[in-house]
Amino acid sequence: MSYAFTRSLGFFSALKKVILSTKKTNSSLSLPFAASAMDGNSSCPLVLCGKSSAENETAKTLKNSGALKLTDNTELSILLHSESAKPIEEDAFGVDSFMNSLSTNRFGRFLLWSPRLPSTHDVVSQNFCELPIGAVCVADVQYKGRGRSKNVWESPKGCLLFSFTLQMEDGRVVPLIQYVVSLAVTEAIKDVCDKNGLPYVAVKIKWPNDLYLNGLKVGGILCTSTFKSKQFNVSAGIGLNVDNEKPTTCLNTFLRELSVTTYQFRREDILAAFFDKFEKFYELFINQGFQSLEELYYKTWLHSGQRVIVQEKNDNQVVENVVTIQGLTSSGYLLAIGDDNQMCELHPDGNSFDFFKGLVRRKLD
């Protein structure tokens, strides 16, 4: 049995349309194989690295087995981090810097990195059973990033692009994991600001899976799942504008506009902080439910008290009503109240890219 969240919820497939562009960017590395891939017949380098000696042994086993594959005919050229030469380009992801900053027990400790991939999400989802749980794939550039309605996007340099694996047993709470991921991203940015004496960069969550800064989209989340051996294998993908000014804005542009510091956000620091936050939030989520994170989530999202127009079928006619958002339902949809004091659950209609222009109301008993 295999399915994506989109089958039951309809809104999990939207991901970072605004933060991605079609500008093609080449990456050059001193690696013993081709470092760019523009089509499915090219070779993509993939460097494996572990935090501990045991995880590095896993990397060796994976390299020697040749088990890692992609289904779109893209060849993966596997190399251990200990064998790779230093990258020529200074803006390549710093594997050592990330590993040195990481302090988790599980998540992020096994890393797959590439200067260029079709999609980090495809790497982890198509090789899920070969990878340790908590493994993360990072790319400097991806040229077949997954978006809504099968849209394909090329992500420019400067984005933090990563996907990681986790496993869950309770299918009723699987759809809520994207909210935990979103919250971990915003709190990670806050943590990096605190550690470096920076003013708070208020990245906000736009339900269900977008990240906004000063009214502009700077990130997005994509979670997909398959069910196997009584477990939900979840692949979580994140895209965040860190140092790419186009096509919208990014974290470092915001800092420069403040003109209070010369510090620049680094992808490695944000990723390490993300896994630190996510590991703690995930434990709370699994043991105590999303209720343990709701208060912090509502402080971070954009929608408390927001009034939106929703659609409702009435005698084969579509009637529009105004409702006020109150929070989330237990299933992860929006909880709202109408002007008639009727509580309702809001569902996207699946047709509009902007979910708040395509909400459908279902009255709650």
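A residue counts as exposed when its relative accessible area is over 50%. Asparagine 214, at 59% relative accessibility, is therefore exposed. This tour of a predicted model starts from that residue and follows the strands on either side of it.

**Stop 1: the turn at asparagine 214**

Select asparagine 214 in the loop between E8 and E9. Its phi is near 55°, a positive value in a residue other than glycine. Now extend the selection to strand E8 (residues 210-213) and strand E9 (residues 216-228), which pair in the antiparallel sense over 4 bridges. The two strands form a hairpin with 2 residues between them. To see one facing pair, display tyrosine 212, which stands opposite lysine 217 in E9.

**Stop 2: the turn at serine 229**

Follow E9 to its other hairpin partner, strand E10 (residues 231-241); these two strands pair in the antiparallel sense over 10 bridges. Lysine 228 has glutamine 231 in E10 as its bridge partner. Again the hairpin leaves 2 residues between its strands. Select serine 229, located in the loop between E9 and E10. Serine 229 is not a glycine, yet its phi is positive, at about 55°. Is this residue buried or exposed? Serine 229 is exposed, as its relative accessible area is 65%.

**Stop 3: the cis peptide bond before E8**

Return to E8 and step back along the chain to proline 208, which lies in the loop between strand E7 (204-206) and E8. Display the peptide bond that joins tryptophan 207 to proline 208: it is cis, with omega near 5°.

**Stop 4: helix H6**

Select helix H6 (residues 251-258), where Leu251, Asn252, Thr253, Phe254 and Leu255 are buried. Which elements do the buried residues of H6 pack against? Show helix H5 (177-195), E8, E10 and helix H7 (267-288) to find these partners. Then move to serine 259, just after H6, where phi is positive at about 55°.

**Stop 5: aromatic rings**

Next, display the side chains of the aromatic residues. A pair of aromatic rings is described by the distance of the centres and the angle of the planes. Across the whole structure, a search finds 22 aromatic pairs. One of them joins phenylalanine 274 and phenylalanine 275, in an edge-to-face arrangement with 5.1 Å centre to centre and 70° between the planes. Phenylalanine 274 and phenylalanine 275 are both buried.

Compare this with tyrosine 298 and tryptophan 301, whose ring centres are 5.2 Å apart; their planes meet at 40°, so this pair is tilted. Tyrosine 298 is partly exposed, at 22% relative accessibility, whereas tryptophan 301 is buried with a relative accessible area of 5%.

Widen the selection to Phe107, Phe162, Phe164, Phe274, Phe275, Phe278 and Tyr282, which ring pairs link into a cluster.

**Stop 6: confidence along the chain**

Finally, colour the chain by pLDDT. The chain average is 84, and 80% of the residues score at least 70. Select residues 1-41, where the pLDDT is below 50. In the model, this stretch has 142 contacts beyond near neighbours in sequence. Where pLDDT is low, the predicted coordinates should not be read in detail.

Definitions and conventions:
Residues numbered from 1 in each chain as written. Heavy atoms only, no water. Phe/Tyr/Trp six-rings, centres within 6.5 Å; stacked < 30°, edge-to-face > 60°. Buried < 20%, exposed > 50% of the residue type's maximum accessible area, 1.4 Å probe, protein only. Pairing = 2+ DSSP bridges. pLDDT = per-residue confidence, 0-100. Contact = heavy atoms within 4.5 Å.
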